[in-house]
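User: I have a structure open and would like to go through some of its side-chain details with you. Could you take my questions one at a time?
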Amino acid sequence: MSDSTFSRRDWLKTTALATTPLVLGPLSTFASDAPPSKTPPLSAADIAAIEGAMGKKGAYTEAQATHSTPLPRNDLKITIKGEPVPISFGFGGWVAIKHTLDGKSSMLMSDTVLLQEEVNPLMSAALANGLEIGAVHNHFFYEEPRIFYMHIHGMGSPAELARKFAATLKDSKLLPANQPQASKGTSAAQSGNNATPAAGPPTGKELFDIPALDQLVKYQGTVNGPTYKYTVGRADLQSVMMGTEMTAAIGLNSWAAFAGKQADAHIAGDIAMLEHEVNPVIKALRAHNLEVVAVHNHMLFDQPRMIFLHYYGRGEAKQLATGFRAALDQLGKGKSSMNMKH
């Protein structure tokens with residue numbers, strides 16, 4: 001993008017130093033040239049500019065120096081195999097902004113939830129506003145209406161990126177101002193709010209045996225209306241895209257969402273993998289009778305290269321959680337593809 005303060009050409013010159021090396025060796029010679037290992041924080045003015053442009057309060061994850069705004073498609077009613085599922089099960093998009101490691105620019109990354117007929121109009125709007133497309137793909141089988149997910153990214157200042165993204169969404173249902181207003185009877189999942197309503201339908205806390213699931217997954221999740229969701233980052237590696245550290249808050253994560261109830265649950269999610277982890281993860285999921293529905297990229301120019309796998313399953317919640325844990329167990333071990341024999 002010509003108006004970016006940190007171009008792709010700049011990134012290509014520095015990426016070898018910005019990325020954790022795959023082969024260990026004497027690096028002390030280059031220590032003085034390496035960029036900082038910690039992302040500079042966004043300022044209060046940056047956050048105010050982002051939220052002003054988006055017309056919605058977001059969340060700032062201080063440990064990852066990342067501001068994110070949820071973009072749930074509350075205007076849609078989704079079914080899977082004819083059964084209604086909540087928007088929080090996997091039909092909530094997001095946009096996140098953080099600084100590059102050297103603090104000279106910032107990155108915007110987004111995952112947008114779109115009907116088929118919305119994909120290309122939004123793609124054209126993103127390009128017209130100086131943003132770029134990283135991926136277009138499915139996350140589900142069996143859903144009605146058919147849903148696609150488009151990843152949009154850009155480089156610039158936080159305020160500039162937020163303005164460009166809001167301009168991209170201005171004629172779209174994704175813009176918060178274009179979403180239906182939550183009524184008193186609207187559940188937390190429908191409103192995109194993590195708060196538990198004072199009265200209304202049961203939440204994930206009542207629908208699932210959360211302590212049992214947490215014990216199996218070995219992480220704690222988050223209740224969002226009638227769903228319960230785990231989000232797990234890749235603490236074992238550093239992934240850098242265009243000089244920006246990619247962490248859980250900006251999309252580099254594995255997740256599992258549960259809908260339904262303990263005895264009869266849906267699970268859907270995503271596994272973030274290095275290339276040599278793809279087939280071990282597929283084997284683990286299939287061994288636990290979970291369906292693999294997509295294998296693809298989310299990002300461009302990331303080092304090391306990350307691949308994402310989406311899966312779906314139906315059954316007793318503890319059995320589904322065991323399958324998710326089995327997939328997580330394949331991450332961070334084994335040989336890289338460079339060392340594999342064919």
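User: Is aspartate 236 buried or exposed, or does it count as partly exposed?
Analyst: Keeping in mind that this is a predicted model, aspartate 236 counts as partly exposed, because its relative accessibility is 47%.

User: And what does its side chain meet in a salt bridge?
Analyst: The side chain of aspartate 236 meets that of arginine 234, with 2.8 Å from N to O. Arginine 234 is itself buried, at a relative accessible area of 7%.

User: How many salt bridges does the count come to?
Analyst: The count comes to twelve salt bridges. Among them is the one between arginine 146 and glutamate 143, at 3.0 Å from N to O, where arginine 146 is partly exposed with a relative accessible area of 29% and glutamate 143 is buried with 2%. Another joins arginine 325 to aspartate 329 at 2.8 Å, N to O; here arginine 325 counts as buried at 15% relative accessibility, whereas aspartate 329, at 36%, counts as partly exposed.

User: Which residues are linked in a network of salt bridges?
Analyst: Arg73, Asp75 and Glu118 are linked in such a network.

User: What about aspartate 46, where does it lie, and which side chain of opposite charge is nearest?
Analyst: Aspartate 46 lies in helix H2, which covers residues 44-54. The nearest side chain of opposite charge is that of arginine 163, but it is 9.5 Å away, and aspartate 46 is buried without a salt bridge. A salt bridge would need a side-chain nitrogen within 4 Å of a carboxyl oxygen.

User: So what is aspartate 46 in contact with, leaving aside its sequence neighbours?
Analyst: Once the neighbours within four places in sequence are left aside, aspartate 46 is in contact with His99 and Pro158.

User: Switching to aromatics, how many pairs are there?
Analyst: The structure holds nine aromatic pairs. One of them is formed by phenylalanine 89 and phenylalanine 140, whose rings are 5.9 Å apart from centre to centre with 45° between the planes, and this pair is tilted.

User: Which parts does that pair tie together?
Analyst: Phenylalanine 89 lies in the loop between strand E4 (83-85) and strand E5 (92-99), while phenylalanine 140 lies in the loop between strand E7 (132-137) and strand E8 (143-144), so the pair ties together parts that are 51 residues apart in sequence. Phenylalanine 89 counts as buried at 0% relative accessibility, and phenylalanine 140 is buried as well, with a relative accessible area of 1%.

User: Why is the pair of tyrosine 228 and tyrosine 230 edge-to-face?
Analyst: The planes of tyrosine 228 and tyrosine 230 stand at 75°, with the ring centres 5.1 Å apart, so the pair is edge-to-face; the cut-off for that label is an angle over 60 degrees. Tyrosine 228 and tyrosine 230 are both buried, and they belong to one aromatic cluster that also includes Phe208, Phe258, Tyr311 and Phe324.

User: Where do charged ends sit over rings?
Analyst: The charged end of lysine 81 sits over the ring of tyrosine 142, at 4.4 Å from its centre. For lysine 229, the charged end sits over the ring of tryptophan 255, at 4.6 Å from the ring centre.

User: Now tyrosine 312: which strand is it found in, and is it buried or exposed?
Analyst: Tyrosine 312 is found in strand E18, residues 306-315, and it counts as buried because its relative accessibility is 4%. Leaving aside neighbours within four places in sequence, tyrosine 312 is in contact with Ile80, Phe89, His266, Ile267, Ala268, Leu290, Glu291 and Val293. Between tyrosine 312 and asparagine 289 the C-alpha to C-alpha distance is 9.4 Å, and they are 23 residues apart in sequence.

User: Last topic, what order do the strands have in the open sheet of three?
Analyst: The order is E13-E12-E17, with antiparallel pairing. Strand E13 (244-246) and strand E17 (302-303) stand at the edges with a single partner strand each, so one side of each is left without a neighbour in the sheet.

User: How many bridges pair E12 and E17?
Analyst: Strand E12, residues 239-241, pairs with E17 over two bridges in the antiparallel sense, and aspartate 302 in E17 is the bridge partner of methionine 241.

Methods. Residues numbered from 1 in each chain as written. Predicted model: local features only at pLDDT ≥ 70, side-chain atom pairs only at ≥ 80, totals over all residues. Heavy atoms only, no water. Helix = DSSP H or I, 4+ residues; strand = E, 2+ residues; numbered from the N terminus. Buried < 20%, exposed > 50% of the residue type's maximum accessible area, 1.4 Å probe, protein only. Lys, Arg positive; Asp, Glu negative; His and termini not counted. Contact = heavy atoms within 4.5 Å. Phe/Tyr/Trp six-rings, centres within 6.5 Å; stacked < 30°, edge-to-face > 60°. Lys NZ or Arg CZ within 6 Å of the ring centre and 35° of its normal. Pairing = 2+ DSSP bridges.
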